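User: Here is a model to go through. Please justify each label you use.

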Amino acid sequence: MMRVYIEGVGLCGPGLDGWTESLPVLAGVQAHIPAPTRVPPSPLLPANERRRAVQTVRLALAVGAEAFTAAGRDPAATATVFTSSGGDGETIHEILSVLAAPNRELSPTRFHNSVHNTPAGYWGIATESRAPSSSLCCHDDSFAAGLLEAAVQAIVERRPVALVAYDVQYPAPLCDARPIGGALAVALVLASEPSGAALADIELRLRPRSGAVSIMPSASLEALRQSTPAARSLPLLAALAFRTKAAVTLDYLADMTLALDFTPTQADVAFGVGGSERVPG
Amino acid sequence: MSGTARSDSAMSPLALSDFSVVTSLGAGRARTIDALRAGRSALAPCTFDALPFPTCVGEIADLDVHSLDGEMAGFDCRNNRLAAMALQQDGFADSVAAARERYGSDRIGVFVGTSTSGLLQTETAYRRRDPATGRLPPEFDYVRTHNTYSLARFVRAALGLAGPAFVMSTACAATAKVFGSAARMIAAGVCDAAVVGGADTLCATTLFGFHALGVMADEPCRPFDAGRCGISIGEAASFALMERPSDRHGADTILLAGVGESSDAYHMSSPHPDGIGARLAMERALAAAGLDPLAIDYINLHGTATPVGDAAEDHAVFDLFGAATPCSSTKGFAGHTLGASGAIEAVFCALGIQHDFLPGSPHTRAVDPAFKSQYVREGRQARLNRVISNSFGFGGANCSLVLVRAA
């Protein structure tokens, strides 16, 4: 049985300014108002680094810091799994534009920021963590792939693992080939054992694809879920906001889904007091 | 052991039931071990791109002509072409098909690595943008070429697999780390077998990027040499079929006995000068294998021939192994194949174990006198039972693999 405990959450996306701030929106008691993603300054980056850091790094470090603060875990001692459907759009576009011009001189900083594990690298430096770190890509299913890898790591290695999923938009002309709805990042601190910090546990199962995956009741959140791969996490986040037992089904590859049996740890402090009929899925 | 957590730091060994390799040394295992034995390097001046600076690369000539067609046409790009070549070597695809019969297609995972995937395709598309609108050409297929997941999507389709999948992209440590993912996925019961490995191919981004960083040699790279001055980039693909050891596996089967992963927490493109992250990765791999450093017969170094990187790794290796254990970098053979290097060098080690051969280091003339580890320049016959292979990447991602002879 694959069961992990969620100890902390971080969230930043269009009209979703932080985990705690987003709870009423995710629980459906407040309307979701789409707005450009506002990335809060991460306490992990000094001011000068903050200005230079690319968007994927700023997003990943912001939600990572938020989740670790909530979990009360030491990031220096915690393994990480980063997952994204692509890289930093601006960086890739700049490199490709330079390489298409007559004078092909790349900036060394742009080049090292172009690797898929750039946010993981900056995270390690900022948190002084020498713990293992993986960076995955599974196109539109990157969130489910990352959650599966993080959960398996937590269970097999019996250690906490932080999952950080993020996606940003591409500038033209790449955005025609790869449209992304809006920049969004989510972080979950997962543990293999229950603790005082645990908000909920999830039991994970791979299932052959049959029937529908969980969707969001709000049209605007559902549009975000469909258009930004990291937002495929929203039904799980909604379950966390409702704090009631729920069956959440996530997209994972053409032929299967990742099924999550969600059980809140402290049902008495449920937000939004929603009945089970309001549980998404 | 299905579905259970590890009782301590040790991992359950996995068998490399089959493996395949294509580098600029040639396609397939026989050409590869022949080149390793002969000390023959494939590094040559770069003709892949009209570069404004001199450099040598390990280029695979046939990739320009063998396009993917039929159902696979949409995947056509240099990286997936090379992956296809590797899947076709040495009956590898047949071994996977047999495993598919045993377990079912949904019980075989695909965990592969790449750094640049089909990025070359997008480089070309950017040069062919519509002059009026700036749009990319309509035939550009982002999902099946550029996207980092393209490689796993292709491998899964080509092998008819339907199990869990992702691409690991941790720069030059990617295809070492996928061995760890496979071991954990099988231990957790998520799948019964896994195809691991990966591919990386030449593109302008890496050629100009490493040049911009000032870490690319103009001559063939000289790992651990006093006069080393940077890397030579290569392209390669390699895959391995991982399963629990069983009576199907003979005595010269290679087992993955340990995986060790760490982060440097130091710099995006430069290793910690004392090799702290490198040492941690090796220590964790040995602990997972339940082996003492003295049990290791050979260390395949990351050894890319940068002044800083080789010095840091020598430091880490000497700290942990002293001067007792022979080590070499095989980057002088086919270059630094970036995201593919972890899997390629695992295969070099596997072939070394199976053919009783300890590979040397072409182009290395005189080992840096400041270095203390036992660096081997000339390959030699040697019984290898247990080896460790290092892969270190940008972002401070480190991974070491311990591979052993089954019996």
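Analyst: Leu136(A) stands opposite Met168(B) in β6(B). This is a predicted model: local features need pLDDT of at least 70, side-chain atom pairs count only at pLDDT 80 or more, and totals for chains, interfaces and linings use all residues. Residues are numbered from 1 along each chain as its sequence is written, while chains are lettered from A and ligands numbered from 1 in the order in which they are written.

User: What makes β4(A) and β6(B) a pair?

Analyst: Strands pair if DSSP finds at least two bridges between them. Two bridges join β4(A) to β6(B), residues 165–168, so the two strands pair. They run antiparallel.

User: How do you know which strands of the β3-β4-β8 sheet in chain B are at the edge?

Analyst: The sheet is open, with mixed pairing, in the order β3-β4-β8. β3 (44–45) and β8 (233–234) of chain B each pair on one side only. A strand is a DSSP run of E, at least two residues; a helix is a run of H or I, at least four. In chain B, β3 and β4 (residues 56–58) pair in the antiparallel sense over two bridges. There, Pro45(B) stands opposite Cys56(B).

User: What counts as contact between chains A and B, and how many residues take part?

Analyst: Two residues are in contact if their C-beta atoms, placed from the backbone, lie within 7 Å. The contact takes 52 residues from chain A and 54 from chain B. On the side of chain A that touches chain B, α7(A) gives the most, with eight residues.
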